[in-house]
Amino acid sequence: MLGVGKIKAPASLAEKAYEAIKESLLQMDLTDLSVEDRIDERGLAEQLGVSRTPLREAINRLVLEGFLMVVPRKGIFVVKKSKKEIVEILLVRAALEGLAARLAAQYVTEIDIHKLKKIIAPFDSINAIGKKSLKFSNANVEFHELVLKLSRCQVLTDLASNLFVHIHWIRTKAAGFQERFKVAHSGHIAIIEALEKRDPELAEKRMRQHIEILAQYIEKNVQFPA
């Protein structure tokens with residue numbers, strides 16, 4: 001059962017349910033997803049103190065993001081990927097986002113640089129991610145998606161979007177690994193510096209390294225269920 005607590009009005013119940021469930025999923029131990037990967041919708045509604053309608057809205061959103069899946073006549077399940085699948089997808093992602101960074105370096109403006117810095121600024125002065133894992137993971141996704149947008153290549157953006165839906169979990173989850181916070185944040189800073197220099201080769205190199213380091217970390221340190 002997910003470790004969530006009751007939420008309070010007057011904020012959108014569906015939005016609050018979404019945030020509570022997502023936070024719980026991000027904190028879940030990926031090595032312990034065996035018989036417990038099925039979500040009890042009724043029990044979850046009681047835990048959150050909401051009706052089934054806002055809960056289903058939240059669940060549908062999480063399904064679209066790739067965190068959950070609905071299996072007809074069986075229920076709602078946490079989406080799982082094997083380590084091999086995750087590593088392979090990350091390596092493809094490194095190539096795609098590396099190209100995006102290369103292209104972005106040719107088009108990026110000072111306003112764009114400011115936007116990128118603003119995304120990561122809240123984490124400049126902290127040494128540990130602590131309870132800010134959800135905020136940092138969301139900022140991480142926003143950062144990478146903005147770089148893709150700045151590439152001005154719709155085909156590349158579409159390819160990346162179709163791929164990323166399958167690893168939305170690890171994109172957000174990985175940013176919350178305590179020991180990876182400083183490495184990930186430093187990587188973002190290095191990418192921005194390369195873009196500021198309008199250096200396509202350096203921007204591509206740093207983006208690829210940033211993601212490949214994550215793939216290597218997962219390969220060596222993270223255990224996934226079979």
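Contact here means that heavy atoms lie within 4.5 Å. The exercises below concern a predicted model.

**Exercise 1.** Find the residues that Leu 116 touches, leaving out those up to four places away in sequence.

*Solution.* Step 1: apply the contact cut-off, heavy atoms within 4.5 Å. Step 2: read off the partners of Leu 116, which are Phe 143, Leu 146, Val 147, Leu 150, Ile 192 and Leu 195.

**Exercise 2.** State which residues touch the most other members of the largest nonpolar core, and which helices supply it.

*Solution.* Step 1: the core holds 35 residues, and Leu 90, Leu 116, Phe 143, Leu 195 and Ile 218 touch the most other members. Step 2: at least two residues of this core come from each of helix H4 (83-107), helix H5 (110-120), H6, H9 and helix H10 (200-221). Step 3: H10 gives the largest share, 8 residues. Step 4: a second, separate core has 19 residues, including Tyr 18, Ile 21, Ala 45 and Phe 67.

**Exercise 3.** Decide whether His 188 is buried or exposed, and list its contacts beyond four places in sequence.

*Solution.* Step 1: His 188 sits in helix H9 (residues 181-196). Step 2: His 188 counts as buried because its relative accessibility is 1%, and the cut-off for buried is under 20%. Step 3: His 188 touches Ile 120, Phe 136, Asn 140, Phe 143, His 144 and His 210.

**Exercise 4.** Place Val 141 in its helix and classify Val 141 as buried or exposed.

*Solution.* Step 1: Val 141 belongs to helix H6 (residues 133-150). Step 2: with a relative accessibility of 8%, Val 141 counts as buried. Step 3: its C-alpha atom is 9.9 Å from that of Ile 119, 22 residues apart along the chain.

Conventions:
Residues numbered from 1 in each chain as written. Predicted model: local features only at pLDDT ≥ 70, side-chain atom pairs only at ≥ 80, totals over all residues. Heavy atoms only, no water. Helix = DSSP H or I, 4+ residues; strand = E, 2+ residues; numbered from the N terminus. Buried < 20%, exposed > 50% of the residue type's maximum accessible area, 1.4 Å probe, protein only. Core = buried A, V, L, I, M, F, W, Y, C linked by side-chain atoms within 4.5 Å.
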